[in-house]
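Proteins are rarely solid all the way through, and the gaps can be as interesting as the atoms. Let us go looking for empty space together.

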Amino acid sequence: MSLRGKVLFITGASRGIGKAIALRAARDGACVAIAAKTADPNPKLPGTIFSAAKEIEVAGGKALPIQCDIREEEQVRSAINLTVKTFGKIDIVVNNASAISLGGTEVTDVKRYDLMHSINGRGTWMVSKYAVEHLKRAENPHILNISPPLSMEERWFSPFPAYTIAKYNMSLCVLGMAGEFRPLGVAVNALWPLTMIETAALRIADSANAENRRSRTPEIMADAAYHVLTQDASTFSGNFCLDELLLRKSGVTNFEKYNNTPGTALEDLTPDFFLDAKQLEELDALRVKQRESARL
């Protein structure tokens with residue numbers, strides 16, 4: 001299945017993972033609405049809705065840059081309506097926009113807590129709410145949230161409870177909406193990286209560990225997202241996917257191309273937060289199996 005002719009509404013697509021997913025879809029000839037806040041260049045966070053639109057069109061797609069703060073209900077409704085007016089439909093929503101602050105309870109101020117929750121959980125829910133009326137009329141419609149598996153381990157909550165709760169709210173949307181929208185034929189899934197993904201946002205949020213971090217590029221998430229979004233929506237829904245595990249299951253064996261630092265061994269990559277123990281066991285077993293097959 002191809003994304004040619006599909007219309008994607010992607011939040012936070014001016015840079016990072018969101019833009020990488022948009023560019024992968026553009027290579028098929030998809031139409032992409034870039035719903036993000038950044039319209040003017042920022043030296044700390046390179047990329048705007050307009051620069052992303054140019055890259056999408058160069059890659060072979062059609063782009064609609066929309067300045068949109070997903071905390072604002074009227075802006076979300078207007079962005080979705082403009083997308084439908086421009087392209088005639090919406091086939092896919094990618095809830096990628098997210099706010100991050102890696103601080104404990106005492107050092108996290110209420111304003112920052114509210115910011116994370118209004119973007120991560122509320123924004124994801126609201127975009128999905130206003131998009132579903134169009135998705136249910138689409139062919140093979142998908143919602144994909146860039147959010148983690150619901151791994152309820154204390155180690156994922158105790159270092160930064162406010163961020164974890166906010167991020168898990170995106171995943172709770174998957175859990176609920178997958179069941180709610182199944183009768184409508186709309187698939188709802190989550191995708192999460194095994195490793196840290198090198199983005200401008202990460203470089204700011206985790207600047208203290210920059211020298212020791214061994215990350216991957218956003219392209220691994222883009223390829224994994226493409227795999228999810230080309231699945232049959234009637235049968236592939238309610239899944240919490242891990243990027244490398246998903247790609248290995250689909251036959252990908254070369255992961256060196258995704259290394260931000262060339263030559264980094266698998267065991268030296270910096271793991272992301274919120275990983276599920278069962279998925280890690282399955283991935284380890286699959287890596288061993290594929291290495292053994294390669295020797296034959």
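Here is a walk through two pockets, starting with the largest. Keep in mind that this is a predicted model.

How do we search for empty space? Rolling a probe the size of a water molecule over the atoms shows where such space is left.

Begin with the largest pocket, which holds about 1,400 Å³ of space. Its lining is made up of 44 residues, and those closest to the centre are Ala-97, Ser-98, Ala-99, Ile-100 and Ala-201. Try finding these five in the structure; they will take you to the middle of the pocket.

Now look at what forms the walls. At least two lining residues come from each of these elements: helix 1 (16–26), strand 2 (31–36), helix 4 (110–135), helix 6 (161–181) and helix 7 (200–205). Which element gives the most to this lining? The answer is helix 7, with five residues. As for chemistry, 25 of the lining residues are nonpolar, 11 are polar and eight are charged.

Next, move on to the second largest pocket, whose volume is about 190 Å³. Here 15 residues form the lining, and nearest the centre you will find Leu-194, Leu-269, Pro-271, Leu-275 and Leu-280. Two or more lining residues are given by helix 5 (154–157) and by helix 10 (277–295). The largest share belongs to helix 10, which supplies four residues. Sorted by class, the lining of the second largest pocket has eight nonpolar, two polar and five charged residues.

Definitions and conventions:
Residues are numbered from 1 along each chain as its sequence is written. This is a predicted model: local features need pLDDT of at least 70, side-chain atom pairs count only at pLDDT 80 or more; totals for chains, interfaces and linings use all residues. Side-chain values use heavy atoms; hydrogens and water are left out. On a 1 Å grid over the protein atoms alone, a cavity is a set of points where a 1.4 Å probe fits but cannot get out, and a pocket is an open set with protein on both sides within 12 Å along at least five of seven lines; lining residues have an atom within 4 Å of a point. Grid points are joined across faces, edges and corners, and a volume is the space filled by probe spheres set on the points. Ala, Val, Leu, Ile, Met, Phe, Trp, Tyr, Cys and Pro count as nonpolar, Asp, Glu, Lys and Arg as charged, and the others, Gly among them, as polar.
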